Amino acid sequence: MMKQFAIFLAAIFAAIMPAVAETHYKPHISIGGRAGMTMSQMSFSPSVKQTWTNGTTGAVTFRYSEEKLFGLIAELGWVQRGWKEDFEEHDFSYSRTITYINLPLLTHIYFGSKRFKTFINLGPEVSLYLGDKIKADFDYKNTASVPDFPKNRQTEQLWADITGKFDYGICAGVGFEFWVKPRHSICVEGRFYYGLGNIYPSSKADTFGASRNMTIEVTLGYNFRLK
């Protein structure tokens, strides 16, 4: 846990320092928003057979950028994460969607022309659990009573309560931005998030040593430059 927290602090430092260091260029300030879809799985240990589940995400954004290369982005929004169980040849269905309020703080590195830019975003993200929803076509709380349910399959994750209400992790994204007018731009971004916190207890006496979020986001955004 201490190693994960040290990585998280290093990401915060990496996100803030470039924007602080490059202060001799004319700053630009933009506000806007982004929305799109997510594809999520969990990093379980011991592993669980699963596949991607879909969700939504969106945020209001604030961006402070220097005239050359570097900037800083803060966002406040929501994101849906979770996973879908893979039963392979068995005809069962189970998915769990977890909704968070999230706050990324990102270094924004960009390059290109005045009308078209490509960018890289990198930094830490914190999330607060709002709730979760389970969809299943069998009694996941009593799998022993389900006919033909796979033998020797880990099932605690199906019904266990989520105890890790606060999540933190690292996200990285790439995308492009097109300036429609001098103050108006549209951007498309693909972003990956890896959580460092666990949604289930992770002591030696617990079932899972790790239960961490992994999410891919694809979003469309709009920015308005204030100055």
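**Notebook: a buried serine, two pockets and some backbone oddities**

I started with Ser185, which I found in strand E8, residues 184-195. A reminder to myself before going on: this is a predicted model.

Next I asked myself: is Ser185 buried or exposed? Ser185 has a relative accessible area of 0%, and buried means under 20%, so Ser185 counts as buried.

I then looked up what surrounds this serine. Leaving aside residues up to four places away in sequence, Ser185 touches Glu177, Phe178, Trp179 and Val180, and also Gly221, Tyr222 and Asn223. With one of these, Glu177, the Ser185 side chain makes a side-chain polar contact of 2.5 Å.

Trp179 was worth following, as it turned up again when I went looking for pockets. The largest pocket has 22 lining residues, and Trp179 is among those nearest its centre, along with His28, Ser113, Lys114 and Lys117. Which elements give two or more residues to this lining? They are strands E1 (28-45), E3 (53-65), E5 (94-112) and E7 (166-181). I noted a volume of about 430 Å³ for the largest pocket. Its lining divides into 10 charged, 6 polar and 6 nonpolar residues.

I moved on to the second largest pocket, with a volume of about 160 Å³. Here I counted 13 lining residues; Lys49, Pro150, Asn152, Arg153 and Gln154 lie nearest the centre. This lining is made up of 6 charged, 4 polar and 3 nonpolar residues.

Asn152 made me stop for a closer look. I located it in the loop between strand E6 (116-136) and helix H2 (156-159). Its phi is positive, about 55°, although Asn152 is not a glycine. Is this residue buried or exposed? Asn152 has 84% relative accessibility, and exposed means over 50%, so Asn152 counts as exposed.

Where else does a residue that is not a glycine have a positive phi? I found Glu88, with a phi of about 55°. Glu88 sits in the loop between strand E4 (70-85) and E5.

My last stop was a peptide bond. Ser45 and Pro46 are joined by a cis peptide bond, with omega about 5°. I placed Pro46 in the loop that runs between E1 and strand E2 (50-51).

To look back over the page: I began at Ser185, buried in strand E8, passed by way of its neighbour Trp179 to the largest pocket, and reached exposed Asn152 by way of the second largest pocket.

Notes: Residues numbered from 1 in each chain as written. Predicted model: local features only at pLDDT ≥ 70, side-chain atom pairs only at ≥ 80, totals over all residues. Heavy atoms only, no water. 1 Å grid on protein atoms, 1.4 Å probe; cavity = no way out; pocket = protein on both sides within 12 Å on 5 of 7 lines; lining within 4 Å. Points joined across faces, edges and corners; volume = space filled by probe spheres on them. Helix = DSSP H or I, 4+ residues; strand = E, 2+ residues; numbered from the N terminus. Nonpolar A, V, L, I, M, F, W, Y, C, P; charged D, E, K, R; others polar. Buried < 20%, exposed > 50% of the residue type's maximum accessible area, 1.4 Å probe, protein only. Polar contact = N/O pair within 3.5 Å; in protein donor to acceptor, adjacent residues only side chain to side chain. Contact = heavy atoms within 4.5 Å.
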